Structure formats: structure tokens, C-alpha cells
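Subject: Structure for your files

Hello,

Here is the structure I said I would pass on. My notes on it follow below.

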Amino acid sequence: MYRHFLALRQVSRRMISSSACRQVENKVPEKQKLFQEDNGMPVHLKGGVSDALLYRLTMALTVLGTGYVLYELYSAAVPKKKE
């Protein structure tokens with residue numbers, strides 16, 4: 001049991017010390033410049049093609065969901081005729 005604990009401690013120490021060597025480039029100033037430029041485009045579409053696709057998918061799901069809810073409300077409000 002103690003041996004497993006020591007092995008885990010050694011592995012975690014190795015991972016922490018090796019991860020400090022990697023430097024990640026700061027992309028925040030680039031993104032700030034992109035989102036703050038005044039080009040008449042809404043901020044939720046300035047991210048590119050992926051943002052446009054997500055926006056259209058969200059709108060389509062919203063419209064379809066609203067239609068389905070209205071259909072279910074209508075079918076619940078109007079009883080079926082007994083023959």
C-alpha cells in the first residue's frame with residue numbers, strides 16, 4: 001500500500017515539474033482585436049464559420065422546438081373525436 005502511494009507521488013511530481021516547461025502563446029490580444037473591431041457584424045458571429053454554423057443550428061432547433069410545442073399544445077387542447 002505504501003509503495004503504491006510513493007509511486008503515485010513520484011508520478012504526480014514528475015507531471016507537475018514537466019508541465020511547467022511548456023510555454024503557451026497568449027492569444028488574448030489577437031482575440032480582443034478581432035472582437036473589438038467595428039465591422040458591423042454581431043459579436044456572436046465574429047468567430048468565423050463555426051460560430052455561424054452554431055448560430056444557424058441553434059435557430060433551427062429553436063424554431064423546430066417551438067413548432068413541436070405548439071403542435072403538442074394543440075393536440076392536448078383539442079380532444080380526438082370518438083367514432
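Partly exposed is used here for a relative accessible area between the two cut-offs: buried means under 20%, and exposed means over 50%. Leu6 has a relative accessible area of 35%, so Leu6 counts as partly exposed.

Please keep in mind that this is a predicted model. The mean pLDDT of the protein chain is 85, with 87% of its residues at 70 or more. Confidence is not even along the chain: helix 1 has the lowest mean, 68, while helix 3 (residues 49-77) has the highest, 96.

Overall layout

The protein chain contains 3 helices and 0 strands, in the order α-α-α from the N terminus. Of its 83 residues, 1% are buried. About 8400 Å² of the protein chain is exposed, and carbon and sulfur atoms account for 64% of that area.

Helix 1

Leu6 sits in helix 1, which covers residues 2-19. Together with Tyr2 and Phe5, Leu6 makes up a nonpolar patch on the surface. The accessible area of these three residues comes to about 340 Å² together. Helix 1 is also the element with the lowest mean confidence, which is worth remembering when you look at the patch.

The loop between helix 2 and helix 3

Lys46 belongs to the loop that runs between helix 2 (28-36) and helix 3. Which side chain of opposite charge is nearest to Lys46? That is Asp38, at 6.1 Å. A salt bridge needs a side-chain nitrogen of Lys or Arg within 4 Å of a carboxyl oxygen of Asp or Glu, and Lys46, although buried, has no salt bridge. What Lys46 does have is a partner on the backbone: a polar atom of its side chain lies 2.6 Å from the backbone oxygen of Glu37.

Helix 3

Ser75 is located in helix 3, the element with the highest mean confidence, at 96. Is Ser75 buried, exposed or partly exposed? Its relative accessibility is 33%, and because this falls between the cut-offs of 20% and 50%, Ser75 is partly exposed. The side chain of Ser75 also reaches a backbone atom, namely the oxygen of Glu72, at 3.0 Å.

That is the end of my notes.

Regards

Methods: Residues numbered from 1 in each chain as written. Predicted model: local features only at pLDDT ≥ 70, side-chain atom pairs only at ≥ 80, totals over all residues. Heavy atoms only, no water. Patch = residues over 30% accessible without salt bridge, like charges linked within 9 Å, V, L, I, M, F, W, Y side chains within 5 Å. Areas by Shrake-Rupley, 256 points an atom, 1.4 Å probe, with all protein chains shown as cover. Helix = DSSP H or I, 4+ residues; strand = E, 2+ residues; numbered from the N terminus. Buried < 20%, exposed > 50% of the residue type's maximum accessible area, 1.4 Å probe, protein only. pLDDT = per-residue confidence, 0-100. Polar contact = N/O pair within 3.5 Å; in protein donor to acceptor, adjacent residues only side chain to side chain. Lys, Arg positive; Asp, Glu negative; His and termini not counted.
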